[in-house]
Structures are given as C-alpha cells and as structure tokens.
Amino acid sequence: MLDAALAVLVLVGAFFTLVGSWGLAKMPDFFMRLHGPTKASTLGVGAVLVASALYFSFNTDGVSLHEVLVTLFLFMTAPVSAHMMAKAALHLKLKQVERTRSAVVESGVANSYDGTSFRRKE
Amino acid sequence: MWNKVLPHPLLSVFLLLVWLLLNNTVAMGHVVLGAVLALLIPLLTLGFWPERVVVRHPWVLLKFLLVVLWDIVVANLHVAALILGSARTLQPAFMVMELDIRSPLGASILANTISLTPGTVSCELSTDRRQLLIHALHVDDVDASLREMKQRYERPLMEVLQVC
C-alpha cells in the first residue's frame with residue numbers, strides 16, 4: 001500500500017519535472033521559457049520530496065523532516081533566480097514573441113524602461 | 001536590553017528550527033547548539049537586516065501561506081496544461097502592478113509569491129519600489145488578473161507586515 005502511494009508520488013514528480021523541461025524546450029521566447037522550469041518543476045520536486053519524507057519516516061527510526069527544508073530553500077531560491085534571469089533578459093532587450101501584450105508601449109517594455117519607472121515617458 | 005541581545009526574535013526562532021531540521025533531531029545537545037547559533041547569527045548579520053519585522057496577525061499569515069501553497073499546486077497543473085497545449089494560442093503579456101506595500105521585505109515576498117503562482121514571473125522592480133513588472137505566460141484580462149493578485153497576495157501581506 002505504502003509502496004503504491006510512493007510510486008504514484010514519484011511518478012507524478014517525474015511527470016511534472018518532464019513537463020517543465022519540455023516547456024523549456026518548446027516555448028517560443030525567453031520570457032515564456034522561464035515559466036516551465038520555475039513552476040512545473042516545484043510540484044515535481046515537491047512530490048518527490050514528499051515521497052522521500054514518507055519512505056524514510058516509515059523505514060527508519062523516527063520521522064524524516066529534512067525534506068521540508070529542501071522545499072523551503074527551493075521556494076525561496078527558484079523565484080529569485082527566475083527574477084534575476086528575467087531582469088538580465090530585459091536589460092539585454094531579448095526578443096519577445098510579437099503578440100506579447102505590454103502595458104507600457106507596443107514595442108515592448110524593455111525599450112521604454114528608464115531605470116526608475118515603467119510608465120511611458122511623455 | 002532585549003533589543004540588543006535579541007534584535008530579531010523571529011529570525012532566531014526560524015534559525016533554531018532550521019538547525020533542528022537540518023540535523024533531523026530534537027536531542028538536547030542540538031537544541032542548545034541551535035539556540036547558541038540562533039542568538040549569534042542575528043547579531044553577526046545585523047547589518048543585513050535594516051528593518052525590524054513585526055508580524056501582526058499570525059492567523060492572516062497562516063491563511064496566506066495556505067492560499068499560496070494551494071495556488072502553487074493549481075499553478076503547476078495550469079502551467080502544465082498550457083505547456084502541453086498549443087504554444088500558438090498562448091497570449092503572453094507584460095503587466096505593471098502598482099504596489100501599495102511599502103515594506104521592502106513585504107515587496108520581496110510578494111514578488112516571490114507572484115513568481116511561484118499561476119503563470120506569472122516577476123521580472124523587475126522599479127527603483128522607487130512603487131511598480132512591479134510581471135510577465136504572464138497566458139492572460140486574457142490584464143486588469144482582472146492584476147486585481148486578483150493584489151487582492152489575494154498583497155492585501156494579506158500588508159496586514160501582516162508592519163514596518164517599525
């Protein structure tokens with residue numbers, strides 16, 4: 001019973017990690033590619049970690065809670081690295097797919113950003 | 001007196017918990033060692049923590065964390081579906097969120113939360129900390145999605161965090 005539950009968790013984890021990587025390969029521009037690995041993978045890693053916590057709690061003495069920390073650190077660092085990459089991409093004015101809507105100017109936010117505000121300059 | 005010895009009580013509690021989790025034990029020796037570290041580290045890193053964090057409504061914070069956890073699960077399913085679907089029908093967008101939250105810690109937690117939840121990544125914070133630039137993988141109504149994020153994440157964070 002436990003083995004079946006663990007197998008399901010590991011498979012779910014593997015599936016979401018795969019989907020995250022698939023998104024990385026498939027999406028048309030840099031900003032869209034960021035979404036796959038930052039999100040689809042958190043649930044993937046999360047499921048694998050829950051499986052690990054359960055396995056070691058049931059098969060060794062005591063409870064295994066290391067995994068909570070891995071999750072915590074992952075949730076703190078994944079968005080930060082995504083943020084830094086997006087920032088760098090904006091700075092380098094990487095290409096965006098043409099249909100990207102922008103609240104700032106039609107030609108893309110990167111071109112109008114002056115360092116202090118995203119508002120369109122009059 | 002207490003302010004000098006224990007400048008950031010929450011950070012100290014957090015560090016003690018992390019130490020115990022890292023060692024996966026609650027043995028007395030590790031509790032003592034963890035407590036010593038929890039006292040020393042905040043003192044040594046005092047310069048990195050300019051603001052004193054005060055949590056005002058722990059229940060609001062707890063509810064916020066549960067909402068975020070739930071949203072992370074939903075976000076994963078949602079993004080997985082978007083990735084597996086046709087990339088041509090996606091409508092990506094840059095959105096600018098006007099921030100009402102003034103606490104720097106609050107702003108960074110908000111930006112992190114936005115990156116972790118449905119189809120959005122925070123890209124850039126304006127230098128005056130008033131606006132946050134967000135990229136969304138697929139969005140139908142920019143204003144509605146901004147409103148929802150403000151309502152769901154910024155409001156509780158503003159209630160919880162108080163800058164002293």
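**Core, chain B and the A–B contact**

Trainee: Which residues touch the most other members of the largest nonpolar core?

Mentor: This is a predicted model. Its largest nonpolar core holds 49 residues. Those touching the most other members are Ala86(A), Met95(B), Met97(B), Leu110(B), Leu132(B), Ile134(B) and Leu157(B).

Trainee: Which element gives the most to this core?

Mentor: Nonpolar side chains tend to be buried together in soluble globular proteins. Here one element gives seven residues to the core. That top contributor is α2(A).

Trainee: How many residues does each chain bring to the contact?

Mentor: Both chains take part. Chain B brings 36 residues, and chain A brings 41.

Trainee: Which elements of chain A each supply at least two residues of the side that touches chain B?

Mentor: That side of chain A divides into 23 nonpolar, 13 polar and five charged residues. The elements that each supply at least two are α1 (2-26), α2 (30-59), α3 (66-91) and β1 (101-102).

Trainee: What pattern does chain B follow along the sequence?

Mentor: Chain B has six helices and five strands. Read along the sequence, they run α-α-α-β-α-β-α-β-β-α-β.

Trainee: Is chain B more spread out than a compact globule, or less?

Mentor: For 164 residues the globule rule gives 15 Å. The radius of gyration of chain B is 19 Å, well over that, so chain B is more spread out.

Trainee: What does the C-alpha trace of chain B span along its principal axes?

Mentor: Buried residues make up 34% of chain B. Along the principal axes, its C-alpha trace spans about 60 × 35 × 25 Å.

Key:
Residues are numbered from 1 along each chain as its sequence is written. Chains are lettered from A and ligands numbered from 1 in the order in which they are written. This is a predicted model: local features need pLDDT of at least 70, side-chain atom pairs count only at pLDDT 80 or more; totals for chains, interfaces and linings use all residues. Two residues are in contact if their C-beta atoms, placed from the backbone, lie within 7 Å. Helices (H or I, at least four residues) and strands (E, at least two) are DSSP runs, numbered from the N terminus. Ala, Val, Leu, Ile, Met, Phe, Trp, Tyr, Cys and Pro count as nonpolar, Asp, Glu, Lys and Arg as charged, and the others, Gly among them, as polar. The radius of gyration is taken over C-alpha atoms; the globule rule is 2.2 Å times the number of residues to the power 0.38. A residue is buried if 20 or more other C-beta atoms lie within 10 Å of its own, exposed if 12 or fewer, and partly exposed in between; C-beta atoms are placed from the backbone. A nonpolar core is a set of buried Ala, Val, Leu, Ile, Met, Phe, Trp, Tyr and Cys residues joined through C-beta atoms within 7 Å.
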